[in-house]
Amino acid sequence: MPANPTPSRSQSAPAKAMDKLGLVRDIDLALHLPLRYEDETRLTLLRDARDGDTVQVEGVVRDNRIEMRSRRQLLVKLDDGSGEVQLRFLNFYATQQKAWAPGVRLRVRGEVRHGFFGREMMHPAVKVVTSDTPLAEALTPVYPTSAGLPQTYLRKAVASGLVRAHLDEILPSGVVPAAWPSLREALNFLHHPSPEVPLATLEDHSHPAWMRLKYEELLAQQLSQLQARQERAHLQAPALPSQAGGLHERLLKVLPFQLTPAQRRVCDEIAQDLARPQPMHRLLQGDVGSGKTVVAALAAAVAMDAGWQCALMAPTEILAEQHFRKLVGWLEPLGIKVAWLTGSLKAKAKREQMAMVASGEAQLVVGTHAVIQDQVEFARLGLALIDEQHRFGVAQRLQLRGKLKGADLEPHLLMMSATPIPRTLAMTYLADLEVSTIDELPPGRTPILTKVFADSRRDEVIERIRDEAAKGSQVYWVCPLIDETEESDQAADQAAGRNSNRRPPLDLSNVTQTHQELSDVLVGRAVGLLHGRLPTAEKAEVMARFSRGELSVLVATTVIEVGVDVPNASLMVIEHAERFGLSQLHQLRGRVGRGAVASVCVLLYSSPLSDSGKARLKAMVDTNDGFEIARRDLDIRGPGEFMGARQSGAALLRFADLGEDQPLIERAREIAQALLRDQPHLAQRHVQRWLGYRAEYLKA
């Protein structure tokens, strides 16, 4: 079943919204659990309601009128016999005013508060009732929803889906603890819990019904990963054994540095994979500056030595160009032709590069998303390298894997990430992947001192920049915005785990203003400007001037987050640091400390700081260890950002918590292996029930 079937024009707005939420099958509806609950099982007398309480009251309408105050509003006075409350509606229909006429009995639920004219409720939920209308017998669910999908519509849809869904017990006896309810019992309970159940056990997901669902979800996820691994074991890939005295060894000899023991270890792991006739599916992870690019180059050398092409794809042109320059410097003296493919290439240049790729003249192709365009054809693609893999979508990664035409073969796949994956996350999301970790930095990297300043001390920071420039050092100054018309602050929204189209506050310093300010203050010092809206050629020239030392300061957006390597840069200033995600802050900090000079990262923040903002800044001061940063980032934000577009918008773990459910993860791993081995038909049914189409996302 497709992930999001295209709605027909005849579909209603709620039906389209249901499709958008992925509520396609009955089981999808049954597994769409409430965010919270409202207690409509009891009534509270107004005389007993305290200011700030959310209560349900029932009474008779005494007055009903529309008034023009700051805006047009409907005011309804309700009397429950113990007191009166005014219901205030800023958005309403004329039919509601008629339905809530004086003398009508209403049951309303909302927050009681004191207004200018006595007690009131703002926009309460309202039902027209009679004196004998029964109260609800269970807590009322409030479901995750989207625009165009009212709760009343969603509640009815979920209730009917819950009745129709096939919730028979799939798992064999002994797999699920006997103390837990059946799946149907668990779902019926969680959709309509009794008011006697302590809300705490529902909210902290510790109730046995929650445990049943979390365990089943984790089991389905682990089974899907293991199935993907089994399926790949039956695929064929070109066997690429290392050759004595070949390109791999010649490259090692000309490198201007020695590999670290960690680099040598992961190179061996990758070489063993490449020598097999099954496709490699490996993640190479390492902290900022740990030397992943040279490992990728050595892997490419093995493939090219065997007569196969390689492709390296990076998410941004700046990062792709950094890779291109390094690889050309290392490989072209050894006779390797490297092609360059990005969206900014002129048509003629792009045709020339594509012709080199199609003919096989270019043994290595480096570029951005342009590498996977339909018109790009490879002669013999044997190895695909994807940097910052979490920033590519499922379809994009599958496109690159599909570039090996004919022979019923797949290319080997090596994905790279400078955001280390915590062990718990790797166990859960990456069970189908082999993971290689570079867990040490090359010698000579200087520790980076991180300091946190309020933006009221901005002038002190600028003085420090003046001092650094006088000593011949270079400085980055990173801002979150390009100008005041930027539609959204992506960094802040990522850090908060949300999507937003809101307009940012206009008092936020932006990159163009800061560039002008520093240019005015640092007289005699060249200050560069770099952001994503500049033409590609201009961005390349600015970066080249900074690399050559012609610019003392580079004012930039996060386009310099990864791939930029200037050893002489010793000071990084990140303005409005509270608006960035923790992994992004760590990546930006990693742009300095690449030479012999002691380096400093200054985090400027604006008050007030949120709790998560404080936690991120504290983590940056506490440690430079990318693995510890990743662990804290997981605690603060959860797993979504680590996996990026792998999930393609569909959360693969909706109920389980990676931090709190470690015992369940361990048990699910053990049971998954036994179930897939002994009863594969039940394993497949369980995966289909829980993941459906989303199981495909785990195979990329």
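Of the 700 residues of the protein, 53% count as buried in this predicted model. The exposed surface comes to about 30800 Å², and 51% of that area is supplied by carbon and sulfur atoms. The secondary structure consists of 24 helices and 22 strands. Where contacts link residues at least 6 apart in sequence, 76% of them join residues at least 24 apart.

Two helix pairs offer a friendly way into the fold. Two packed helices are described by the angle between their axes and the distance between the axes. In the pair formed by helix 7 (residues 208–233) and helix 23 (residues 662–678), the angle is about 50° and the axes lie 8 Å apart. Because of this angle, helix 7 is oblique to helix 23, and the crossing is right-handed. Helix 7 contributes residues including Leu 218, Leu 219, Gln 222 and Leu 226 to the contact, while those from helix 23 include Ile 665, Ala 668, Ile 671 and Leu 675. By character, the residues of this contact comprise 13 nonpolar, four polar and three charged.

The other pair joins helix 4 (residues 151–164) to helix 5 (residues 183–191), with an angle of about 165° and axes 11 Å apart. Helix 4 is therefore roughly antiparallel to helix 5, and it passes helix 5 in a left-handed crossing. Here Val 158, Leu 162 and Val 163 of helix 4 meet Arg 184, Leu 187, Asn 188 and His 191 of helix 5. Four nonpolar, two polar and one charged residue make up the contact of helix 4 with helix 5.

How values were computed
Residues numbered from 1 in each chain as written. Predicted model: local features only at pLDDT ≥ 70, side-chain atom pairs only at ≥ 80, totals over all residues. Heavy atoms only, no water. Helix = DSSP H or I, 4+ residues; strand = E, 2+ residues; numbered from the N terminus. Buried < 20%, exposed > 50% of the residue type's maximum accessible area, 1.4 Å probe, protein only. Contact = heavy atoms within 4.5 Å. Areas by Shrake-Rupley, 256 points an atom, 1.4 Å probe, with all protein chains shown as cover. Axes fitted to C-alpha atoms, helices over the stretch in contact; angles between N-to-C directions. Parallel < 35°, antiparallel > 145°, perpendicular 65-115°, else oblique. Left-handed = near helix turned anticlockwise from the far one by under 90°. Nonpolar A, V, L, I, M, F, W, Y, C, P; charged D, E, K, R; others polar.
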